[in-house]
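Good morning, colleagues. Please take a moment with the sequence and the structure on the screen before I go through the fold.

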Amino acid sequence: GIVNFCQAHIDATGSAKPIAEITTKDIFADECSEDWHGICVLAFLPNILDDQSDKRNARLEQMMAARSKVGRTFRFMWVAGGENYETEEKLGLGFGYPALVAVSPSKKRFAVMKGKFEAGEIEAFLNGVLRGKESTAEVKPWPMKFVKVPPWDGKDAAPPVEEDLD
């Protein structure tokens, strides 16, 4: 009853914790430590030059909607795709962005979502992970490595300035 009351309050006030952006290896380590027996959900979102703020915010809203449905077993995080090539390669994320991965830090295993990046698809994938219906692979090496990047400022990005070759 208390959990339902709190969830209803969060839904009514919109004061849910924002999805953590992984900008350093320490943020990932804090959110997804080996002693936590839940599942970490990592979204690799398109570069801000490809998506701009409207699309990125829409993707974060899809994740928040899914998070509200699946419960506290999951911790959601995101990172800009392409910033952590080595980690993405080890997770088999060569198919583009956005990409979503569920990681069990205690078991050191992961599963990659193959559906659309929408709240309902994310929810179905995560429920499948909990029921053991998604294929998993071992995370190597552990802990996962993330490079330090500046946090997103919430704004659109200006395209890079090209120099004249004259």
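**Sheet, cores and salt bridges**

I begin with a single residue: E31 has a relative accessibility of 17%, so E31 counts as buried. Please bear in mind throughout that this is a predicted model.

What does the side chain of E31 meet in a salt bridge? The partner is K17, with 3.4 Å from N to O. E31 belongs to helix α2, residues 25–31, whereas K17 sits in the loop between α1 (2–13) and β1 (20–21), so this pair ties together parts that lie 14 residues apart in sequence. The two ends differ in setting: E31 is buried at 17%, while K17 is exposed, with a relative accessible area of 53%.

This is one of 4 salt bridges in the model. In general terms, side chains of opposite charge can pair when their charged atoms come close.

Let me turn to another salt bridge, between E34 and K108, whose closest N and O atoms are 3.0 Å apart. E34 is in the loop between α2 and β2 (39–45), and K108 is in the loop between β4 (99–104) and β5 (109–112), so the contact ties together parts 74 residues apart in sequence. Both ends count as partly exposed: E34 at 40% relative accessibility and K108 at 26%.

A further salt bridge joins R59 to D51, with the closest N and O atoms 2.6 Å apart. Is D51 buried or exposed? D51 is buried, with a relative accessible area of 8%.

I now move to the sheet. Six strands form an open sheet, in the order β1-β3-β2-β4-β5-β6, and the pairing is mixed. The edges are β1 and β6 (137–138), each of which pairs on one side only. As a general reminder, strands of a sheet pair through backbone hydrogen bonds, either parallel or antiparallel.

Starting from the β1 edge, β1 and β3 pair in the parallel sense over 2 bridges, and here E21 stands opposite W78 in β3. Next, β3 and β2 are also parallel, joined over 7 bridges. On the other side of β2, the pairing with β4 is antiparallel, with 5 bridges.

Which residue in β3 is the bridge partner of L42? It is M77. L42 also stands opposite V101 in β4.

How enclosed is β3? Of its 7 residues, 6 are buried, so the strand is largely enclosed by the rest of the structure.

Two helices lie across this sheet. Helix α3, residues 48–70, lies across β2 and β3 (74–80) and runs at about 170° to β3. Helix α5, residues 119–130, lies across β2, β3, β4 and β5, and runs at about 25° to β4.

That brings me to the nonpolar cores. The largest one has 24 residues, and those touching the most other members are M63, F76, L100, F117, I122, F125 and L126. The elements contributing two or more residues to this core are β2, α3, β3, β4 and α5. Taking M63 as an example, and not counting residues up to four places away in sequence, M63 touches I19, A43, F76, M77, F117 and I122. Apart from this core lies another, of 21 residues, with I22, L42, F44 and M77 among them. The general background is that, in soluble globular proteins, nonpolar side chains tend to be buried together.

I close with two loop positions. T24 is found in the loop between β1 and α2. The side chain of T24 reaches the backbone nitrogen of I27 at 3.2 Å. Leaving aside neighbours within four places in sequence, T24 is in contact with F146, V147 and K148. By contrast, T24 and K107 are 22 Å apart, C-alpha to C-alpha, with their positions 83 residues apart in sequence numbering.

The second position is G82, in the loop between β3 and α4 (85–90). With 46% relative accessibility, G82 counts as partly exposed. Setting aside neighbours within four places in sequence, G82 is in contact with E88 and Y97. G82 and N47 are 35 residues apart in sequence and 7.3 Å apart in space, C-alpha to C-alpha.

Thank you for your attention.

Terms used. Residues numbered from 1 in each chain as written. Predicted model: local features only at pLDDT ≥ 70, side-chain atom pairs only at ≥ 80, totals over all residues. Heavy atoms only, no water. Helix = DSSP H or I, 4+ residues; strand = E, 2+ residues; numbered from the N terminus. Buried < 20%, exposed > 50% of the residue type's maximum accessible area, 1.4 Å probe, protein only. Pairing = 2+ DSSP bridges. Contact = heavy atoms within 4.5 Å. Axes fitted to C-alpha atoms, helices over the stretch in contact; angles between N-to-C directions. Polar contact = N/O pair within 3.5 Å; in protein donor to acceptor, adjacent residues only side chain to side chain. Core = buried A, V, L, I, M, F, W, Y, C linked by side-chain atoms within 4.5 Å.
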